Amino acid sequence: MKLTVWTYEGPPHVGAMRVATGMKGLHYVLHAPQGDTYADLLFTMIERNSARPPVTYTTFQARDLGADTAELFRDAALEAYERYTPEAMIVGASCTAELIQDDPGGLARALGLPIPVIPLELPSYQRKENWGAAETFYQLVRHLAGPHAPAPGAEPAPRDPARRPRCNLLGPSALGFRHRDDVVEIRRLLGRLGIDVNVTAPLGARPADLARLGDADFNVVLYPEVAGIAAGWLKRTFRQPATKTVPIGVGATRDFVHEVAELAGIDASEVLASEECRLPWYSASVDSTYLTGKRVFIYGDATHAISAARVASEEFGFEVVGLGTYTREFARDVRAAAERLGIEALISDDYLEVEAAVAELRPELVLGSQMERHIAKRLGIPCAIISAPVHVHDFPARYSPQMGYEGANVLFDTWVHPLMMGLEEHLLGMFRDDFEFNDTAQPSHLGAGSIAGDDAHGAAPAAAEAADTTETTETAVATGAGDEAYWTEEAERELKKIPFFVRGKARRNTESFARDRGMSRITIETLYDAKAHFGR
């Protein structure tokens with residue numbers, strides 16, 4: 001644990017809160033000081049839930065440390081049971097209360113409550129939020145489904161041919177990026193395949209639902225960060241196989257359909273033949289060819305980062321120049337995905353390292369979390385959100401999945417929009433001095449006062465202009481003093497006429513062209529000679 005301004009993940013008890021808040025009939029008693037109640041805001045303010053999380057805090061204060069804090073926990077647990085009458089209860093300590101060593105699990109068991117009470121051991125100083133969610137979900141599954149497990153070594157009964165195949169959807173939780181809509185989309189897809197959903201968990205499930213997880217024929221793991229450990233236990237205990245493909249993007253969704261059909265023993269050819277997705281045509285259409293070869297940097301949780309890398313490289317024609325994750329438990333998977341793309345993965349939870357990588361690679365698009373949105377904004381680079389952590393506007397009221405065929409359509413719109421808006425802003429900037437835009441009658445859609453002076457025609461181009469100016473000065477000083485070529489003022493001015501979202505590529509190509517020919521000065525003629533050379 002370290003002090004930082006921003007963090008990708010909270011402590012593990014926040015992960016436990018995500019599971020508890022996503023479920024129904026479950027209550028979380030958290031031994032924590034008064035200040036740790038801030039986590040409520042994650043769900044009420046950012047996710048905009050209509051009810052506060054089902055969490056009771058002991059909220060001890062500094063003066064309580066000299067007394068019996070264990071008694072505070074016992075009173076809080078009893079009060080929570082009497083007030084909320086939950087079907088099951090989980091108990092644990094926050095990172096601060098962990099130092100007191102009051103043993104919430106033992107204290108809760110001693111109360112003899114007539115409901116399952118599941119203790120959580122979440123090492124706050126070694127682990128983080130996603131691991132906390134996974135461990136909490138695993139403990140709930142093990143304690144609630146375990147009593148219904150078959151005898152060790154017993155073979156599961158074959159499925160009745162008259163019954164449709166059944167599966168569990170595992171992994172969606174509260175505060176998850178588009179989890180709510182992903183569940184709807186995948187349930188719809190499975191319904192078209194003739195597969196019933198037995199239980200969706202933890203999101204929307206009750207403790208009694210977890211007890212019947214074993215009734216399914218197999219498990220669909222939508223988010224391995226949350227459900228991977230539980231799915232492994234279900235496979236060992238109930239002999240339930242689990243999917244490995246996360247259906248984000250057209251190609252992955254097709255692979256997912258094949259995998260699910262094989263596990264269910266059904267024919268999926270009709271569903272595959274009738275897929276309804278506009279991404280393949282949009283991506284291949286004339287209007288989208290200007291996207292091909294765009295340099296993109298991808299960062300987020302492992303599931304979304306790996307999936308985005310595949311979609312970007314195989315379905316959009318982007319060049320992935322950077323890939324990484326803050327989820328260290330899945331670092332091996334991300335490194336393998338990066339190796340397939342011929343790049344080195346960045347595994348870090350330090351946003352400053354990520355910012356340095358983005359600045360060095362100079363991509364034309366960033367796909368990341370809320371953290372990368374801030375980084376890209378400072379650097380003047382277009383950005384789209386693909387992963388948690390996210391802010392309030394990434395929990396839209398509209399239907400906006402990331403998974404399945406409709407999710408692929410959403411990806412296209414979300415990723416292409418920043419690039420298209422960049423083109424629009426560039427054109428507005430290019431023609432802002434045209435007489436039609438400068439007419440006293442103000443005929444254009446630009447607001448009054450937006451033509452002259454310090455206007456608001458686009459924050460991204462302004463940031464990009466500033467970033468490019470800084471970069472230009474540094475490059476001229478660094479290369480002009482050595483053997484490398486330097487840019488003349490006229491060439492620099494001409495370069496700035498190029499749209500900001502392709503300006504970096506134009507600069508790199510021109511410098512490469514000059515370097516290969518031993519040129520010491522880059523003039524306007526050099527710029528256009530390079531353009532002709534690389535345009536062949």
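Here, Ala, Val, Leu, Ile, Met, Phe, Trp, Tyr, Cys and Pro count as nonpolar, Asp, Glu, Lys and Arg as charged, and the others, Gly among them, as polar. With that sorted, let's look at the spaces and cores of this chain.

This is a predicted model, where local features need pLDDT of at least 70, side-chain atom pairs count only at pLDDT 80 or more, and totals for chains, interfaces and linings use all residues. Residues are numbered from 1 along each chain as its sequence is written, and side-chain values use heavy atoms, with hydrogens and water left out.

The chain's mean pLDDT (the predictor's confidence in each residue, from 0 to 100) is 85, and 83% of its residues reach 70 or more. Watch residues 439–482, though: pLDDT stays under 50 there, and the model has 48 contacts (heavy atoms within 4.5 Å) beyond four places in sequence for them. Where pLDDT is low, the predicted coordinates should not be read in detail.

**Open and closed spaces**

On a 1 Å grid over the protein atoms alone, a cavity is a set of points where a 1.4 Å probe fits but cannot get out, while a pocket is an open set with protein on both sides within 12 Å along at least five of seven lines; lining residues have an atom within 4 Å of a point. Grid points are joined across faces, edges and corners, and a volume is the space filled by probe spheres set on the points. Helices are DSSP runs of H or I, at least four residues, numbered from the N terminus.

| Space | Volume | Lining by type | From H12 |
|---|---|---|---|
| Second largest pocket | about 820 Å³ | 14 nonpolar, seven polar, seven charged | eight residues |
| Largest cavity | about 50 Å³ | five nonpolar, three polar, no charged | three residues |

Closest to the centre of that pocket are Pro224, Lys244, Thr245, Val246 and Asp333, out of 28 lining residues. Helix H12 (302–314) is joined in the pocket lining by H8 (224–238), H9 (250–264) and H13 (331–340), each supplying at least two residues.

The cavity's lining includes His304, Ser307, Gln402 and Trp415. H12 and H16 (404–430) each give at least two residues to it.

**Nonpolar cores**

A nonpolar core is a set of buried (under 20% relative accessible area, 1.4 Å probe, protein chains only) Ala, Val, Leu, Ile, Met, Phe, Trp, Tyr and Cys residues joined through side-chain atoms within 4.5 Å. The largest has 62 residues, and Tyr28, Ile90 and Phe137 are among those with the most contacts inside it. Helix H5 (129–145) gives the most to this core, with eight residues. Apart from it lies another core of 57 residues, including Ile195 and Tyr405.

How values were computed: Buried means under 20% relative accessible area, exposed over 50%, partly exposed in between (1.4 Å probe, protein chains only).
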